[in-house]
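Visitor: Could you walk me through this structure? I would like to know what stands behind the words you use.

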Amino acid sequence: MEIINQFDVPLDPADAWKLLLDIRRIMPCVPGAELLDVIDEATYKGKVSVKLGPVALAFVGTATFEEKDEAARQAKVKAKGSDAKGRGGANADVLFNIEPAGEGSKVTVKTNVNLSGSVAQYGRGTGVIQGVASQLTAQFARNLQALLAHEEQYGGEPPVAAPPPAAAAAPPVPPTPSATPVQPAGSRDAAPSPAMTGTAASVPAADSQALIAMMTRIEAAAARIEAAIGRAEAATARVEATSNALNRTARPPAPPMPTAKPISGISLMFTVLWGMVTGIFKKHS
């Protein structure tokens with residue numbers, strides 16, 4: 001299925017092109033993404049956590065730049081990955097290009113994605129995938145703007161990565177107490193950027209990591225509960241089917257056969273005499 005999304009970048013096209021090609025720089029802005037390794041200048045290995053409906057998925061795979069056209073400011077990326085729990089995989093061809101838009105730039109992203117395995121059932125229907133993609137794109141654009149505002153205010157120091165979007169639906173969890181971070185000289189009284197207020201960038205890195213770990217454990221427990229409920233429902237259905245089959249095939253027991261009444265000796269004697277008498281009368285008749 002093909003998905004098209006757009007977002008704005010408050011930079012001119014030349015600077016926006018350089019920004020979007022700097023994977024290490026923008027990776028913290030991608031919701032639920034984590035850069036695991038840089039294989040070469042065009043290939044990156046990473047992990048992406050996403051929710052399709054009630055199911056939390058974590059894809060581990062690679063993304064490779066197949067084409068980079070700086071003159072047209074257009075690039076093509078090939079991405080493939082598989083779910084960490086073996087529930088299927090995803091392959092995607094991503095084409096993005098940058099165009100001038102007012103004082104900034106507009107980025108258009110065309111994604112052709114194919115799901116396999118049980119993952120395809122979770123994302124059944126274009127509407128579900130389109131909704132998730134639109135949500136992630138909008139959040140990425142907000143994070144990117146917050147990154148630029150933070151770098152402008154603090155001189156390029158990168159903010160702490162935001163937690164995956166799946167954690168947004170969970171109830172808030174108080175941060176784990178940690179040591180007070182040491183602030184650089186001249187920034188002790190500086191207030192956080194308004195663009196970063198309300199995001200994970202306003203808390204220490206240790207607290208953010210503890211929050212992400214706790215959310216991951218909560219999602220894993222919820223997934224196990226859903227699986228147990230599914231197995232219980234399947235077992236109940238099997239029991240009901242077996243009971244119905246037995247009820248259809250069961251037959252009432254056959255009635256007992258009447259027992260023969262024993263013949264006494266006197267009755268036998270009278271029977272023989274009666275036979276002799278009737279025989280005599282038949283001969284003389």
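Guide: Here are some questions and answers about the terms and the values behind them. This is a predicted model, in which local features need pLDDT of at least 70 and side-chain atom pairs count only at pLDDT 80 or more, while totals for chains, interfaces and linings use all residues. Residues are numbered from 1 along each chain as its sequence is written, and side-chain values use heavy atoms, with hydrogens and water left out.

Visitor: What makes a stretch count as a helix or a strand, and how many are there in the protein?

Guide: Helices are DSSP runs of H or I with at least four residues, and strands are runs of E with at least two, numbered from the N terminus. The protein has 6 helices and 7 strands. Their order from the N terminus is β-α-α-β-β-β-β-β-β-α-α-α-α.

Visitor: Why are Trp17 and Leu20 of helix 1 called buried?

Guide: Buried means under 20% relative accessible area, with a 1.4 Å probe and protein chains only. Trp17 and Leu20 are among the residues of helix 1 (residues 13-21) that count as buried, so each falls under that 20% limit. Across the 285 residues of the protein, 26% are buried.

Visitor: How do you know which parts to read with care?

Guide: pLDDT is the predictor's confidence in each residue, from 0 to 100. Strand 5 (residues 74-83) has the highest mean among the elements, 93, and helix 6 (residues 265-284) the lowest, 67. Over residues 159-204, pLDDT stays under 50. Where pLDDT is low, the predicted coordinates should not be read in detail.

Conventions:
Buried < 20%, exposed > 50% of the residue type's maximum accessible area, 1.4 Å probe, protein only. Contact = heavy atoms within 4.5 Å.
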